[in-house]
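Let's take a look at the charged pairs in this protein and at how much of each partner is open to solvent. A short stop at one further residue rounds things off.

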Amino acid sequence: MKRLKRIASVALALVLVLALLPIGTQAAGSAPGKVTVTKVQYTSRTIVKVSWKKVNAAAGYQIQTAVNGGGWKTAKHTAQQSVTLPKKATSTVKLRVRAYVKAGSQKVYGAWSKTYTVKAYKSYSSKPGRVAGVAASGSKITQLTLSWKAVTNATGYQVYRANRSGGPYTRIATVKGTSFTDKTVRKQQNETKSYFYKVRAYRNTGGKTRYGAFSPVKKAGWVVTQKGGSVSEEVILYDTRQYCNGCGADITGIGSYAHMKSRTIEELMEGDCGGSTFVTTPVGREWKTTDRPEKGYWK
């Protein structure tokens with residue numbers, strides 16, 4: 001009986017302890033969650049910074065690296081959510097991160113993060129490639145759209161424009177994507193002006209901006225499919241009249257019902273005034289001038 005009482009007391013004490021634990025507290029010895037790395041970047045030619053999201057209840061993090069295809073080695077332990085690692089500029093390094101919790105004097109580790117490969121610094125610091133495939137399009141007279149092929153590892157692109165192929169060229173835009181709409185082109189109809197464009201890629205790395213070579217110059221011209229302006233054309237004038245089917249009277253502007261009401265009983269008995277006919281005839285010609293918009297496309 002005493003033994004049963006002891007067991008009951010221990011069970012009650014355990015329940016009370018668990019009830020006092022904060023909600024979300026991780027049980028001792030339970031492995032932490034998997035680390036999600038958010039950024040891996042060079043901060044200088046020989047320093048790489050690695051950052052990741054916080055793992056709930058983690059006491060710290062282990063970072064391992066593998067240099068030039070070698071085995072994994074622990075590079076650092078930290079309680080922070082980022083580290084800086086020394087690295088030879090010419091080496092290729094793989095890295096991974098995992099969280100751990102402490103269980104007494106022991107560390108219990110979670111799963112490794114995704115493996116990230118940091119290539120030789122040269123591949124990041126070199127200039128981006130040359131932009132190719134610049135094309136012009138658009139059907140609005142006052143704006144045209146330029147597009148081009150993406151350049152590997154480019155941070156963005158600079159767009160330059162000139163009024164003649166030899167320049168001078170002025171930078172008119174800096175964009176992240178592979179297209180740009182120029183809304184500062186032709187403002188008047190029937191202009192024959194062309195524009196000349198060239199585009200280059202740039203890359204931001206190691207605190208510096210590096211530029212690639214300019215694309216070949218793209219001449220963008222407006223192709224007219226319909227000229228705009230004032231257009232005169234001869235117009236035939238018509239006159240439409242309404243006649244009573246019974247008596248043949250011209251009831252234009254009056255209508256059948258009003259016409260019947262105006263007739264006497266004797267007149268109505270003599271003829272059928274219950275309907276009418278509309279007759280349209282040409283009565284002359286004149287010249288009319290209209291404004292027609294210019295239509296076309298950019299190429």
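A residue counts as buried when its relative accessible area is under 20%, as exposed when that value is over 50%, and as partly exposed in between. Keep in mind that this is a predicted model.

With that cut-off in hand, start with D182. Its relative accessible area is 2%, so D182 is buried. R161 comes out at 17%, which is also under the 20% limit, so R161 is buried as well. The side chains of these two residues meet in a salt bridge, with 2.8 Å from N to O. Where do D182 and R161 lie? D182 is in strand 13 (residues 179-182) and R161 is in strand 11 (residues 156-162), so their pairing ties together parts that are 21 residues apart in sequence.

How many salt bridges does the structure hold? The count is three, and here they are side by side:

| Acidic residue | Basic residue | N to O distance |
|---|---|---|
| D182 | R161 | 2.8 Å |
| E234 | R285 | 3.8 Å |
| D250 | R241 | 3.1 Å |

Now for the pair E234 and R285, whose side chains meet at 3.8 Å, N to O. Strand 18 (residues 229-244) carries E234 and strand 19 (residues 276-292) carries R285, so this salt bridge links parts 51 residues apart in sequence. Are the two partners buried or exposed? E234, at 43% relative accessibility, counts as partly exposed, while R285, at 57%, counts as exposed.

That leaves D250 and R241, with 3.1 Å from N to O between their side chains. D250 has a relative accessible area of 37%, which makes it partly exposed. R241 is partly exposed too, and its value is 29%.

One more residue deserves a look, away from the topic of charges. I47 is found in strand 2, which covers residues 47-52. Its relative accessible area is 26%, so I47 is partly exposed. Which residues does I47 touch, leaving aside those up to four places away in sequence? The contacts are Q41, Y42, T84, L85 and P86. Take T84 from that list: I47 and T84 are 37 residues apart in sequence, yet their C-alpha atoms are 6.5 Å apart in space.

To recap the charged pairs: D182 and R161 are buried, D250 and R241 are partly exposed, and E234 is partly exposed with an exposed partner, R285.

Conventions: Residues numbered from 1 in each chain as written. Predicted model: local features only at pLDDT ≥ 70, side-chain atom pairs only at ≥ 80, totals over all residues. Heavy atoms only, no water. Salt bridge = Lys/Arg side-chain N within 4 Å of Asp/Glu carboxyl O. Helix = DSSP H or I, 4+ residues; strand = E, 2+ residues; numbered from the N terminus. Buried < 20%, exposed > 50% of the residue type's maximum accessible area, 1.4 Å probe, protein only. Contact = heavy atoms within 4.5 Å.
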